[in-house]
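This report describes the architecture of a single protein chain. It proceeds from the overall fold to the packing of helices and then to individual residues.

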Amino acid sequence: MKLGLTWLIIVPASLWVIVTYYLPVSSGTLNRIETLLTTPVIVLLVTASLFCHLAAHFWAARWGGAEMPSEITILIFGDASQGWPVAASEWKDLISASAGPVANLLIAGLTYLLWKTQLNDFWGNIVLLVSG
């Protein structure tokens, strides 16, 4: 797996937006240190969500019998799945295409349930952003 160059632009911009806009607006109760601790956790969980999305596509394509490419470049706005070989049937191709969004729905549902528990502002802001 390789990471595309888009990561070099989006990750610093995302950090800036989270620290400057998201956390001050959504949680007025966090102090500066809590804000700086919350930011890397949010970035790590969003990145993990992207990798889970890709892994779901990858697993479903393998299950469908598609031959996988030897190297995959992971772009922040989506992988280049149109370069992957087509699955054995249209139904298996549909399952492979929908596996990523289904993984995201499961992650969103789990983080929503965590947010609903209202543990504290620190975790509430993290799971609220990840679930969206």
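The following text treats a predicted model.

**Overall architecture**

The chain contains four helices and two strands, arranged along the sequence in the pattern β-α-α-β-α-α. Of its 132 residues, 30% are buried. Among contacts between residues at least 6 apart in sequence, 66% join residues at least 24 apart.

**Helix α1 and its packing on α2**

Helix α1 spans residues 6–26 and has a kink of about 40 degrees, centred on I18. I18 is also among the buried residues of α1, together with W7, V19, Y22 and L23.

Helix α2 covers residues 32–63, and its axis comes within 10 Å of the axis of α1, the two crossing at roughly 135 degrees. The two helices are therefore oblique to each other, and their crossing is right-handed. On the α1 side, the contact is made by W7, L15, I18, V19, Y22 and L23. The α2 side contributes R32, T35, T38, T39, I42, V43, T47 and L50. The residue at the centre of the kink, I18, thus belongs to this contact as well.

T47, one of the α2 residues in the contact with α1, also forms a polar contact within its own helix. A polar atom of the T47 side chain lies 2.8 Å from the backbone oxygen of V43, and V43 is itself listed in the contact between α1 and α2. Across to α1, the C-alpha atoms of T47 and V11 are separated by 9.6 Å, although the two residues are 36 places apart along the chain.

**Packing of α2 on α3**

Helix α3 comprises residues 90–116. It packs on α2 at an angle of about 150 degrees, and the axes are 8 Å apart. Angles over 145 degrees count as roughly antiparallel, and α2 and α3 are therefore roughly antiparallel to each other. The crossing of α2 and α3 is right-handed. From α2, the residues in contact are S49, C52, H53, A56, H57, A60, A61 and W63. From α3, they are K92, I95, S96, A97, A99, G100, P101, A103, N104 and I107.

Two α3 residues illustrate this contact in greater detail. S96 is buried, because its relative accessible area is 10%. Leaving out residues up to four places away in sequence, S96 touches H57, A60 and A61. A99 has a relative accessible area of 15% and is likewise buried. With the neighbours within four places set aside, A99 is in contact with A56, H57 and A60. H57 and A60 therefore appear in the contacts of S96 and in those of A99, where both α3 residues are buried, being under the 20% cut-off.

F51 lies in helix α2. It is partly exposed, with a relative accessible area of 32%. Its C-alpha atom is 9.6 Å from that of G100, which is 49 residues away in sequence.

**A further polar contact in α3**

T111 also lies in helix α3 and is buried, with a relative accessible area of 9%. The T111 side chain reaches the backbone oxygen of A108 at 3.1 Å.

**Helix α4 against α2**

Helix α4 is formed by residues 121–131 and includes I126. I126 counts as buried because its relative accessibility is 0%. Apart from residues up to four places away in sequence, I126 touches T38, V41, I42 and L45. T38 and I42 are also among the α2 residues in contact with α1.

**C-alpha separations between residues distant in sequence**

The table collects the pairs for which a separation along the chain and a distance in space are available.

| Residue pair | Separation along the chain | C-alpha distance |
|---|---|---|
| T47 and V11 | 36 residues | 9.6 Å |
| A99 and A61 | 38 residues | 9.0 Å |
| F51 and G100 | 49 residues | 9.6 Å |
| I126 and I42 | 84 residues | 5.5 Å |

**Summary of the helix pairs**

The α1 and α2 axes cross at roughly 135 degrees, whereas α2 and α3 pack at about 150 degrees. The former pair is classed as oblique and the latter as roughly antiparallel. A right-handed crossing is found for α1 with α2 and for α2 with α3.

Note on methods: Residues numbered from 1 in each chain as written. Predicted model: local features only at pLDDT ≥ 70, side-chain atom pairs only at ≥ 80, totals over all residues. Heavy atoms only, no water. Buried < 20%, exposed > 50% of the residue type's maximum accessible area, 1.4 Å probe, protein only. Contact = heavy atoms within 4.5 Å. Polar contact = N/O pair within 3.5 Å; in protein donor to acceptor, adjacent residues only side chain to side chain. Bend = angle between axes of the 7 residues up to and from the residue. Axes fitted to C-alpha atoms, helices over the stretch in contact; angles between N-to-C directions. Parallel < 35°, antiparallel > 145°, perpendicular 65-115°, else oblique. Left-handed = near helix turned anticlockwise from the far one by under 90°.
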